[in-house]
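Me: I'm just getting started with protein structures and would like a close look at one part of this one. Could you walk me through the sheet, and then what surrounds it?

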Amino acid sequence: MKFTANGLTYEIEEVDKESPELLLRELYHFGMTNHKKQKVYLMNDVSEQQKICVLRHEITHVFVNVNGMYAQETFTVEQLCEFVAYNAVAINKIVDEYFGR
């Protein structure tokens, strides 16, 4: 499935648990986001509830990136609250659409 965040189109793809797309620093992860390819990868061999949480997490990385916040390592509580307030609905809408809700 494709989705758009701040004018950039990303694609969600489910991959096997030992896929190179899930490998970072010699560890496999449940999900990964590749901003250069504009792809979100999800491990296909986990429960739906876990996929939902992982997809929310990865799409949050997308929204951090497309809002120009990727270079910032730490955030104040106020910045975090603002980010959630302005982006949580859109992130959840993408997740709901992916899972056919």
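Reply: Let's start with a single pair: Thr 4 has Thr 9 in strand 2 as its bridge partner. Keep in mind that this is a predicted model. That pair belongs to a bigger pattern, since strand 1 and strand 2 are joined by four bridges and run antiparallel. Together they make a hairpin, with two residues between the strands. One residue to look at in that turn is Asn 6, whose phi is positive, at about 50°.

Now follow strand 2 (residues 8-15) to its other partner. Strand 2 and strand 6 pair over five bridges, and here the sense is parallel. If you want a pair to find on screen, pick Glu 11, whose bridge partner in strand 6 is Lys 39. Strand 6 (residues 39-43) also pairs with strand 5, through four bridges and in the antiparallel sense. There, Met 32 sits opposite Tyr 41 of strand 6.

Put those pairings together and you get an open sheet of four strands, in the order 1-2-6-5, with mixed pairing. Strand 1 (2-5) and strand 5 (31-34) are at the edges with a single partner strand each, so one side of each has no neighbour in the sheet. On average, neighbouring strands are turned by 25° against each other, ignoring direction. As background, strands of a sheet pair through backbone hydrogen bonds, in either a parallel or an antiparallel way.

Which loop holds Gln 38? Gln 38 is in the loop between strand 5 and strand 6. Gln 38 has a positive phi of about 55°, although it isn't a glycine. That's worth a second glance, because most residues other than glycine have a negative phi. As for accessibility, Gln 38 is partly exposed, with a relative accessible area of 26%. Glu 26 is another non-glycine residue with a positive phi, near 65°. You'll find Glu 26 in the loop between strand 3 (23-24) and strand 4 (27-28), and with a relative accessible area of 76% it is exposed.

Next, back to strand 1, where Ala 5 is found. Is Ala 5 buried or exposed? Its relative accessibility is 1%, so Ala 5 counts as buried. Leaving out residues up to four places away in sequence, Ala 5 touches Val 62, Phe 63 and Val 66. The C-alpha atoms of Ala 5 and Asn 87 are 9.8 Å apart, while 82 residues separate the two along the chain.

Asn 87 lies in helix 2 and, at 10% relative accessibility, also counts as buried. Setting aside neighbours within four places in sequence, Asn 87 is in contact with Phe 63 and Asn 67. So Phe 63 turns up beside both residues: Ala 5 touches it, and Asn 87 is in contact with it.

That brings us to the helices. The axes of helix 1 (residues 48-66) and helix 2 (residues 77-98) come within 9 Å and cross at roughly 130°. With that angle, the two helices are oblique to each other, and the crossing is right-handed. On the helix 1 side, the contact includes Ile 52, Leu 55, Ile 59 and Phe 63. On the helix 2 side, Phe 83, Asn 87, Ile 91 and Tyr 98 are among the residues taking part. The contact residues divide into 11 nonpolar, three polar and one charged.

Definitions and conventions
Residues are numbered from 1 along each chain as its sequence is written. This is a predicted model: local features need pLDDT of at least 70, side-chain atom pairs count only at pLDDT 80 or more; totals for chains, interfaces and linings use all residues. Side-chain values use heavy atoms; hydrogens and water are left out. Axes are lines fitted to C-alpha atoms, for helices over the stretch in contact, and angles run from 0 to 180 degrees between N-to-C directions. Angles under 35 degrees count as roughly parallel, over 145 as roughly antiparallel, 65 to 115 as roughly perpendicular and the rest as oblique. A crossing is left-handed if the near helix is turned anticlockwise from the far one by less than a right angle, and right-handed if clockwise. Contact means heavy atoms within 4.5 Å. Ala, Val, Leu, Ile, Met, Phe, Trp, Tyr, Cys and Pro count as nonpolar, Asp, Glu, Lys and Arg as charged, and the others, Gly among them, as polar. Two strands pair if DSSP finds at least two bridges between them. Buried means under 20% relative accessible area, exposed over 50%, partly exposed in between (1.4 Å probe, protein chains only).
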